[in-house]
Amino acid sequence: MTVLRVAAVQASYVLMDRDATIERVAALTGSAAREGAQLVVFPEVFVPGTPLWIDTQPIWDGDEEWFGLLARNAVVVGGPASDRLAAIAAEHGVWLVVGVDEREAHGATIYNTVLYFAPDGELAGRHRKLMPTGAERTVWGMGDGSTLAVVDAGRARIGGLICWENYMPLARFHLYAQGVDVWLAPTLAQGDGWIATMRHLARENRMFVVGVNPVLHADQVPAGFPARDRLLAPGYLEQNGPWLEEGNTVLVAPDGSVLAGPVREREETLIADLDLRTVATARRHMDPVGHYHRPDIFRLCVDTSPRPAVTELNRRGAHDENPV
Amino acid sequence: MDPVKVAAVQAAPVLLDRDETIAKVVTLAGKAAAEGARLVAFPEAFVPGYPDWVWRTRPWDADATALYARLFDQAVVVGSPATDLLAETAARLGIWLSVGVDERDDRDSTIYNTLLHFAPDGTLAAGHRKLMPTGGERLVWGTGDGSTLQVVDTGFGRLGGLICWENYMPLARAALYAQGIDVYLAPTWDNSEIWVPTLRHIAREGRTYVIGVTSCISAADLPADLPGRDSLYGDSGDWLSRGNTVIVGPEGDILAGPLTGEEGVLYAEIDTTRAQISRQQFDPVGHYSRSDVFRLIVDTSPRAAVSLEEES
């Protein structure tokens, strides 16, 4: 079995409504599974959507209610929302990869996280974005090095980075070195420059690349959204157009050629069959962590240890670590 | 910093004729300087040309060996009259002159794929030996060490670069970004359409200007006495390289090119302040790095095969 059918779902979220958006994930995953997809990929922070106000408003200017919504609708790993996502994966027997606004059960910092659910419903992987971009830094924290593991999905090794993390050469290299056949790049990034990057990454590591974006028209912001008129001030829409998320979903082959997309300004699930044998074949030309690497010159050290805010050293632990 | 004009020269070398090809460099650099260019960049292994036959011959065929012998004879030795003339040209024109050469040491026999940067004062300010040749290239070129990854300050921006598919080495790129590169040269033989997206990506990743520069040569340009001329090569429709020269701005915007199928010189105005300001959005070695998670150590020491030392 060397072919993997992938579905990249370009869809709209229900802004800051976790449960309604998860039901969209359920419906769209079901549709993709009926098309035979074995790996279904959703965009960056699809559940419960992008905190749009960080770019439409000055920072901290009357955003209390919006941030409150984001915090209440964020996904807690191991909570009912992630259980529901796991059940969707299991129900359809697919690998389900979903971007979420995530927080700890008792935490208020939101992380930009991608969750990987296996077809048996297990949470097989998790990646917290290492570095938010620009105004994103006012709503999202930073992940540590402990969530950079590539996931063995049986037929293929899958992994990736979120949005502009894809411009971090050292982070990419760390994942390349783990062996990754299908690179997942959930993003909000628009335009042709991003497509150039997706194609470059494919050719750099000779792998398939799945870039997946949300799409959202101003009319799709729920009618009852708090201070809706202020969120979408006429001046902002006139300047930036009615597409709050334009979309840019694209599938790329290991030689950098575009298999499907980019699709913009509409909902669409891109489906393609990825022949995984072509990855190894293409790496005879370029293998950045093998024959085209120079480990005598370059040594990359990665701290993959979890870095919680506090490490408790109780008497017993101290005794164990340092017997007196 | 005031914007300056840069030039990328897409031309045909006189294949395996060092002095004729250098004469061409002198002429074309003069032309670009007359147009106001402060930096003139030439393609990968331009002097005396890219060993295209590594993709056409069986590795140890007689033609391949004869071609290698001529490449060896015509290779550029640093500190020889060939590099003196390039240095004098840079000084006479008052430009930065970057030229790809097939290089060898005056005693050693291995040939390297090297990029030389001559300063307007006529010094060889920096050179870079390609770290890793690609595929068939591995039969004619050695590998450089980490000692030639430096970036040099031109006064209008920090200049450096990598050669051809070295540009797919993320750690080598990071080593240049960390030195504050503003003007990134990517001489190449790669003619593919996907090469241009790669250069746009590098521009966005490093928030640097990127100058991709490629030879443009068909079989019609080949000297009649080239070994294997008739058995390996056809007529003018037989391209060794169509060219793919392109200049990209720090947000991935294409400023000039890509130029294919003809010789020509591409010009662009570059403003390194723009590159630096663009790093407000993304700086791979500053606010967008995670030095607590990733630590890249680069061994920049020269690595001679043998060190002949007196016992101390």
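Chain B holds seven helices and 15 strands, where helices (H or I, at least four residues) and strands (E, at least two) are DSSP runs numbered from the N terminus. Its radius of gyration is 19 Å, close to the 20 Å that the globule rule gives for 312 residues, so chain B is as compact as a globular protein of that length. The radius is taken over C-alpha atoms, and the globule rule is 2.2 Å times the number of residues to the power 0.38.

This is a predicted model, in which local features need pLDDT of at least 70 and side-chain atom pairs count only at pLDDT 80 or more, while totals for chains, interfaces and linings use all residues. Residues are numbered from 1 along each chain as its sequence is written, and chains are lettered from A and ligands numbered from 1 in the order in which they are written.

Chain A comprises ten helices and 15 strands. For its 324 residues the globule rule gives 20 Å, and the radius of gyration of chain A is close to this at 20 Å, so chain A is as compact as a globular protein of that length.

The table sets out further values for each chain. A residue is buried if 20 or more other C-beta atoms lie within 10 Å of its own, exposed if 12 or fewer, and partly exposed in between, with C-beta atoms placed from the backbone. Two residues are in contact if their C-beta atoms, so placed, lie within 7 Å.

| Chain | Box of C-alpha atoms along the principal axes | Buried residues | Share of contacts with a separation of 6 or more that join residues 24 or more positions apart |
|---|---|---|---|
| Chain A | roughly 60 × 55 × 40 Å | 51% of 324 residues | 74% of contacts |
| Chain B | roughly 55 × 55 × 35 Å | 54% of 312 residues | 71% of contacts |

**Contact between the chains**

Chain A and chain B each contribute 34 residues to the contact. On the side of chain A that touches chain B, the elements giving two or more residues are α5 (169-177), α6 (192-205) and β15 (298-302) of chain A. Helix α6(A) supplies the largest share of that side, seven residues. By class, this side of chain A has 18 nonpolar, seven polar and nine charged residues. Here Ala, Val, Leu, Ile, Met, Phe, Trp, Tyr, Cys and Pro count as nonpolar, Asp, Glu, Lys and Arg as charged, and the others, Gly among them, as polar.

Strand β15(A) runs antiparallel to β15 (residues 294-298) of chain B, and five bridges join the two; strands pair if DSSP finds at least two bridges between them. R299(A) has I297(B) as its bridge partner in β15(B).

**Core and selected elements**

The largest nonpolar core has 208 residues, and those with the most contacts inside it are V41(A), V182(A), V210(A), V40(B) and I211(B). Such a core is a set of buried Ala, Val, Leu, Ile, Met, Phe, Trp, Tyr and Cys residues joined through C-beta atoms within 7 Å. Leaving aside residues up to four places away in sequence, V40(B) touches A7(B), V9(B), A29(B), A32(B), A33(B), I95(B) and L97(B).

Helix α5 (residues 195-206) of chain B reaches 17 Å from its first C-alpha to its last over twelve residues, close to the 16 Å expected at 1.5 Å a residue, the expected span being 1.5 Å times one less than the number of residues. Twelve of the twelve residues of α5(B) are buried, including W195(B), R200(B) and E205(B). Just after α5(B), R207(B) takes a positive phi of about 45 degrees.

F72(B) lies in helix α2 (residues 62-74) of chain B. F72(B) counts as partly exposed because it has 15 C-beta neighbours inside 10 Å. F72(B) and R104(B) are 32 residues apart in sequence, and their C-alpha atoms are 8.2 Å apart in space.
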